[in-house]
Amino acid sequence: MSVINQMLKDLDKRQSEQQDNANVSVPVTVKNSTTKIILITVAVIVIINIIGMFGWQLYSENTQLKLQAQQKKAFTVQPNTTIAKSNVDTNVNKEPVLKPSNQTKTTESVVERNHSIQVIPDTIATEISDKSNTFVTKSSSEVANVKNSNNSNYLEAKILEKDDTVVIVAPLETIKKAVQPESLSVSMPVKVKSSLTISRTQLSPKALAANKISQAEKAMERNDIAKAESLFEEILMVMPTHETARKQLAALWYGKKYYQDAINLLSQGIALEPQAEEMRLMSARIYYEQGQARPAYNILKPVSRSNSSEVQTLLANVSAELNEHEDAIFAYRQLISLQPDVGRWWLGVAVSLDSLGKFVPARDAYKQSIARNNLSTSAMQFAQQRLIELGE
């Protein structure tokens, strides 16, 4: 019996375990089914929303197109119209009058054609002409007087004509105050054609040079040296006597260490303008810095009576170095007349006089240089030593 009981217990235990497994699996199945249903429902809702939005967009666009078509049709009529073109001289350079005068009408040749008339506000006409070529442009438009056949009211408007369609363009408020479009007659007195005249203005060499000088200066500010050089060269080709362009170009070449090119350029300018002191001074400085005192002296000698302190200073130094003491004395005395309180000018005169053996005037010049009390220490000692040697 115990064995049987044991078997029964095992059977009961197995059945209870199977029931427990069945109870566990059922909720899982239900849960999976519920999730699938939810996902399908959400997908359907999303698709419906997308279809609805797309349909609404199509409906909105269709509505806007219908409104635009209705606005265009609201101002369109199709009567038969007679267009009378006046016999007017088109060579008169006067703009046509918008409002008609009270003058008596003359006999005219009338050409009758069937035209469709469209009365369009100027705002709509502008949009149409911008988006398409439906009508002719303003340059070929006609200014006309649009008259009401029932009374004497006139509508100031512009006529745009293409094929067999006459488009009357006028402000919307004016159209509202005017008569019905069906009773309008169109009179186009003259056709205004726009013309464009292009004339070439020939600049004088001076104006052209001034323009290029301005461009060259801006190029130098941008540190575009090549552009500035090109502009200065163009100026000299137009005006070889343009001193500013020549000096600027020579300075640029000197900065690039093209010494001989700069000297040649300045020599050409000096040949054209012999009394050009600044070009002579620039050329002399280049020679002097290159250790060529004699060419510098030769260039400055013709302007020895210049009132420029720079010219006289360089001429005095070059002359003293070349033992051209007479010229050095003259240059120093020119400097003394310009700047009498500068001691080194007196010292230069004293040294040149001393070199020529003119000791008495040299001694006086030494005293004058010391009296100015603005010599350097070494120069002061030299002047005092020479005074002692000369017997003072």
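**Close-up 1. Glu243 and Lys247 sit together in helix α6 (residues 243-255), four residues apart, or about one turn of the helix.** Helices here are DSSP runs of H or I with at least four residues, numbered from the N terminus. This is a predicted model, where local features need pLDDT of at least 70, side-chain atom pairs count only at pLDDT 80 or more, and totals for chains, interfaces and linings use all residues. Residue numbers start from 1 along each chain as its sequence is written, and side-chain values use heavy atoms, with hydrogens and water left out. The Glu243 and Lys247 side chains join in a salt bridge, at 3.8 Å from N to O; the term covers a side-chain nitrogen of Lys or Arg within 4 Å of a carboxyl oxygen of Asp or Glu. Glu243 is partly exposed, at 29% relative accessible area, while Lys247 is buried at 17%. Those labels go by relative accessible area: buried is under 20%, exposed is over 50%, and partly exposed falls in between (1.4 Å probe, protein chains only). Pull back a little and Glu278 comes in too, since Glu243, Lys247 and Glu278 are linked in a network of salt bridges.

**Close-up 2. Lys301 and Asp327 pair up through a salt bridge, at 4.0 Å from N to O.** This one ties together distant parts of the chain, 26 residues apart: Lys301 comes from the loop between α9 (293-300) and α10 (309-321), and Asp327 from helix α11. Lys301 counts as partly exposed, with 34% relative accessibility. As a general point, side chains of opposite charge can pair when their charged atoms come close.

**Close-up 3. His325 is tucked into helix α11 (residues 325-338).** With 12% relative accessibility, His325 counts as buried. So who's around it? Setting aside neighbours within four places in sequence, His325 is in contact (heavy atoms within 4.5 Å) with Ser319, Ala320, Ser352, Ser355 and Leu356.

**Close-up 4. Arg386 and Glu389 form a salt bridge, with their closest N and O atoms 2.3 Å apart.** Both belong to helix α14 (residues 377-389), and because they are three residues apart there, about one helical turn separates them. Arg386 counts as buried at 18% relative accessibility, whereas Glu389 counts as partly exposed at 48%. For the wider picture, the count by this rule comes to ten salt bridges, among them the Arg386 and Glu389 pair shown here.

Methods:
Helix = DSSP H or I, 4+ residues; strand = E, 2+ residues; numbered from the N terminus.
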